[in-house]
Amino acid sequence: MKTLNILTGAGVNIAVSKQNPEIEDLIGFTYQSISKSVYEDLEEKWRNIFNPESFDYILGALITMSSVIDKTKEELNKYGVDLEAFGELFHQSALRAAIEESYKKIEDELLIESNQLVEVIRFYNPSIESLRENFEKINYFTLNFDGVFDHVLYGERFSRGGVVTDSWLDGEFTNRFDDRKFRVCHLHGDIRYKPHKVSGRAPSKRLWPVLVVGDILVKKSLIAGNDALMSYYKYYKNQFSSINKDASLLIAGFGFRDEDQHISSKVKTAIKDEFFKEVFIYDAVDHLKDDEDYLGKYTFIDAKNTGLSEVLGSLR
């Protein structure tokens with residue numbers, strides 16, 4: 001089966017923004033930008049406790065802790081435990097309340113909605129249709145939380161929903177996922193995915209998506225603790241663990257950072273051992289150029305000279 005694997009990091013948003021300057025606010029839409037916005041929105045007394053760098057960790061910990069608490073509350077409910085009292089044990093009063101309100105602001109103001117991306121989606125339609133015609137299966141693996149490129153794949157008004165899907169709604173891969181040509185895999189979570197969300201507008205009921213943040217050990221633990229993330233990761237490992245000369249690989253805006261070794265190590269092995277028919281790295285910086293293990297085993301495309309739409313449209 002002729003397959004294309006695409007792996008992206010935050011740099012893919014920069015590439016999209018470069019060709020579509022009307023959405024410059026997508027540049028740098030990362031966990032750090034979320035953390036910075038929340039930090040700046042806190043009352044001064046809370047900002048004085050942390051510096052911006054340390055706040056990255058406390059925000060990630062609170063998001064993770066809150067998700068675990070919500071899951072635990074579901075389990076305790078069948079034993080008749082006073083869930084309100086249980087929740088108060090971990091509420092951390094005003095600090096968590098401030099972070100919850102700030103995160104609501106992030107949701108409402110920074111999450112990119114499909115109607116904001118209409119022109120971008122239309123711009124990329126020819127490239128996506130080219131992929132659809134030239135490959136039998138396209139796996140889109142991303143470390144991004146924002147869903148920007150998801151919208152590009154799904155099309156205007158999600159018109160390509162018959163061929164594009166992910167598994168967030170189901171928590172694990174289903175026949176619906178397997179039957180679609182484009183398969184979206186959020187390896188580090190999705191700002192929209194809240195497995196313990198219940199109806200209502202109260203912050204404690206509607207916030208806390210699953211986001212994989214922190215160092216390598218924390219990230220592995222978070223992935224192992226969530227069924228959807230673990231399903232994505234297993235599928236990812238499967239695609240990058242053996243020779244498949246019917247498959248190609250495009251790596252776009254991925255930084256090969258140390259804290260992402262659980263992802264990058266699989267990519268590096270696949271490139272070094274030539275698992276794929278061809279490998280393209282699209283970025284402003286060639287992160288592998290000084291390592292002889294990869295010499296001549298991939299094609300580097302300089303993002304400063306070539307647009308992402310041209311790259312996607314040229315793949316065969």
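This text leads through the aromatic contacts, the unusual backbone angles and one helix of a predicted model.

A search of the whole structure finds eleven aromatic pairs. In one of them, the ring centres of Tyr-140 and Phe-149 are 5.3 Å apart and the ring planes meet at 50°, so the pair is classed as tilted, given that a pair counts as edge-to-face when its planes are over 60 degrees apart and as stacked when they are under 30. Both partners are removed from the surface, since Tyr-140 is buried at a relative accessible area of 2% and Phe-149 is likewise buried at 5%. Another pair, made by Phe-254 and Phe-256, is edge-to-face, with 4.9 Å from centre to centre and 75° between the planes. Here too the partners are buried, Phe-254 with a relative accessible area of 3% and Phe-256 with 9%.

Beyond these pairs, one aromatic cluster is formed by Phe-141, Tyr-233, Tyr-235, Tyr-236, Phe-240 and Phe-276. An aromatic ring also takes part in a contact of another kind, in that Lys-2 lies over the face of Phe-135, at 5.4 Å from the ring centre.

The backbone deserves attention next. Most residues other than glycine have a negative phi. Against that background, Arg-157 has a positive phi, near 55°, and Phe-158, which is not a glycine either, has a positive phi of about 55°. Arg-157 is placed in the loop that runs between helix H8 (148-154) and strand E3 (164-165), and Phe-158 lies in the loop between H8 and E3 as well. As for their surroundings, Arg-157 is exposed, with 77% relative accessibility, whereas Phe-158 is partly exposed, with a relative accessible area of 39%.

The last stop is helix H13, which covers residues 261-272 and has twelve residues; from its first C-alpha to its last it reaches 15 Å, close to the 16 Å expected at 1.5 Å a residue. The buried residues of H13 are His-262, Ile-263, Ser-264, Val-267, Ala-270 and Ile-271. In an α-helix there are 3.6 residues a turn, so residues three or four places apart point the same way. Both strands and helices contribute to what covers the buried residues of H13, including strand E1 (3-8), strand E5 (244-252) and strand E6 (276-283) together with helix H11 (216-224) and helix H12 (227-239). After H13 comes Glu-274, whose phi is positive, near 55°.

Methods. Residues are numbered from 1 along each chain as its sequence is written. This is a predicted model: local features need pLDDT of at least 70, side-chain atom pairs count only at pLDDT 80 or more; totals for chains, interfaces and linings use all residues. Side-chain values use heavy atoms; hydrogens and water are left out. Rings of Phe, Tyr and Trp (its six-membered ring) pair if their centres lie within 6.5 Å; planes under 30 degrees apart count as stacked, over 60 as edge-to-face and the rest as tilted. Buried means under 20% relative accessible area, exposed over 50%, partly exposed in between (1.4 Å probe, protein chains only). A charge sits over a ring if NZ of Lys or CZ of Arg is within 6 Å of the ring centre and within 35 degrees of the ring normal. Helices (H or I, at least four residues) and strands (E, at least two) are DSSP runs, numbered from the N terminus. The expected span of a helix is 1.5 Å times one less than its number of residues. Contact means heavy atoms within 4.5 Å.
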